[in-house]
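This briefing is meant to be read alongside the sequence and the coordinates. Please keep both in view while working through the points.

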Amino acid sequence: MAKVNGYNVEFEPAHEQKLSDFISLFSPRNIKTTLGLWGVWLMITLTYFGMVLILPFIFQRLKTLNPTEPKGSIADIAFPIYFEILASLLASYLVESKYIGRRLTICTALFVSAFTSLLALIKPDFLFWSTFARAMLIISLTALYPFTLDLYPTPVRASGLAYATTIARIGLVVMPWIVFNMVTIGPKLPYLLFMFSGCHALDSV
């Protein structure tokens with residue numbers, strides 16, 4: 001089309017374009033945003049998938065240590081999923097609300113998640129508080145996608161989101177090694193990590 005209109009357009013090779021996009025994420029304008037977002041993505045992903053993975057093992061460990069403890073059922077595992085569906089719908093509304101917005105949605109959800117993770121650690125109603133914490137993380141994770149795009153200039157938005165989600169996968173790799181070792185020390189001890197990771201993510205937003 002450019003040739004038809006009489007324009008001489010030179011295109012960069014694809015690998016050079018990708019490299020320049022990656023370097024642009026560390027320009028003086030973007031480096032603080034990039035490092036901050038990578039920390040947020042890493043912490044939220046580690047926390048959320050840690051909660052999902054470790055829940056049945058916590059029930060098993062509690063039952064082993066205390067035979068009178070009710071045994072976790074399929075309903076107990078499925079119960080948080082229904083709350084997550086509702087939380088996703090709520091997040092979809094909140095991120096587009098002009099009165100609340102994306103940053104406030106993420107910050108509020110992370111704060112509540114960290115607080116309820118602490119309550120799950122110290123209170124007897126573990127299933128309720130852990131479910132609430134997971135639902136809040138779903139809200140923050142849902143809002144984090146458009147929030148990430150908003151923080152970058154248009155030419156590097158796609159690359160910024162792509163590399164942030166790639167860094168988040170590191171959390172998925174290291175998370176099982178951490179939480180499984182913690183649950184052998186104390187059944188609810190991973191929620192101490194989840195509380196601190198939520199606070200760290202909140203501080204980085």
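The points below go from the overall fold to individual helices, the surface and the salt bridges.

The model is predicted. Its protein chain has 205 residues, of which 42% count as buried. The secondary structure comprises 7 helices and 0 strands.

**Overall architecture**

- Read from the N terminus, the order of elements in the protein chain is α-α-α-α-α-α-α.
- Among contacts in the protein chain with a separation of 6 or more, 77% are between residues 24 or more positions apart.
- The protein chain exposes about 11700 Å², and 69% of this area is supplied by carbon and sulfur atoms.

**Helix α5**

- Helix α5 covers residues 126–151, which amounts to 26 residues.
- At 1.5 Å a residue the expected span of α5 is 38 Å, and this agrees with the 36 Å between its end C-alpha atoms.
- A kink of about 35° is located in α5 at Leu144, shortly before the proline Pro146.

**Helix α4 and Leu104**

- Helix α4 spans residues 101–122 and contains Leu104.
- Leu104 counts as partly exposed because its relative accessibility is 45%, a value between the limits of 20% for buried and 50% for exposed.
- The C-alpha atoms of Leu104 and Ala143 are 9.6 Å apart in space, while the two residues are 39 residues apart in sequence.

**Nonpolar surface patch**

- Ile81, Tyr82, Phe83, Ile85, Leu86 and Leu89 make up a nonpolar patch on the surface.
- Together, the members of this patch have about 620 Å² of accessible area.
- One of them, Ile81, belongs to helix α3, which runs over residues 74–94.
- Ile81 has a relative accessible area of 42% and is therefore classed as partly exposed.

**The salt bridge between Glu84 and Arg134**

- The structure contains 3 salt bridges.
- In one of the salt bridges, the side chains of Glu84 and Arg134 meet at 2.5 Å, N to O.
- This pair links distant parts of the chain, with Glu84 in helix α3 and Arg134 in helix α5, 50 residues apart.
- Glu84 and Arg134 are both buried.

**The salt-bridge network**

- A network of salt bridges links Glu96, Arg102 and Asp150.
- Within this network, the side chains of Arg102 and Glu96 form a salt bridge at 3.0 Å, N to O.
- Arg102 also meets Asp150 through its side chain, in a salt bridge at 2.5 Å, N to O.
- Asp150 is in helix α5 and Arg102 in helix α4, so this pair ties together parts that are 48 residues apart in sequence.
- Arg102 is buried because its relative accessible area of 18% falls under the 20% limit.
- Glu96 has a relative accessibility of 57% and therefore counts as exposed, the limit being over 50%.
- Asp150 counts as partly exposed, with a relative accessibility of 41%.

**Points to carry forward**

- Helix α5 contains the kink at Leu144, and salt bridges connect this helix to α3 through Arg134 and to α4 through Asp150.
- Helix α3 holds Ile81, a member of the nonpolar surface patch, as well as Glu84, which is buried.

Technical notes: Residues are numbered from 1 along each chain as its sequence is written. This is a predicted model: local features need pLDDT of at least 70, side-chain atom pairs count only at pLDDT 80 or more; totals for chains, interfaces and linings use all residues. Side-chain values use heavy atoms; hydrogens and water are left out. Helices (H or I, at least four residues) and strands (E, at least two) are DSSP runs, numbered from the N terminus. Buried means under 20% relative accessible area, exposed over 50%, partly exposed in between (1.4 Å probe, protein chains only). Contact means heavy atoms within 4.5 Å. Accessible areas come from the Shrake-Rupley method with a 1.4 Å probe; for residues, only the protein chains shown count as cover. The expected span of a helix is 1.5 Å times one less than its number of residues. The bend at a residue is the angle between axes fitted to the seven residues ending there and the seven starting there. Patches are made of residues with over 30% relative accessible area and no salt bridge: like charges are joined within 9 Å, nonpolar side chains (Val, Leu, Ile, Met, Phe, Trp, Tyr) within 5 Å. A salt bridge is a side-chain nitrogen of Lys or Arg within 4 Å of a carboxyl oxygen of Asp or Glu.
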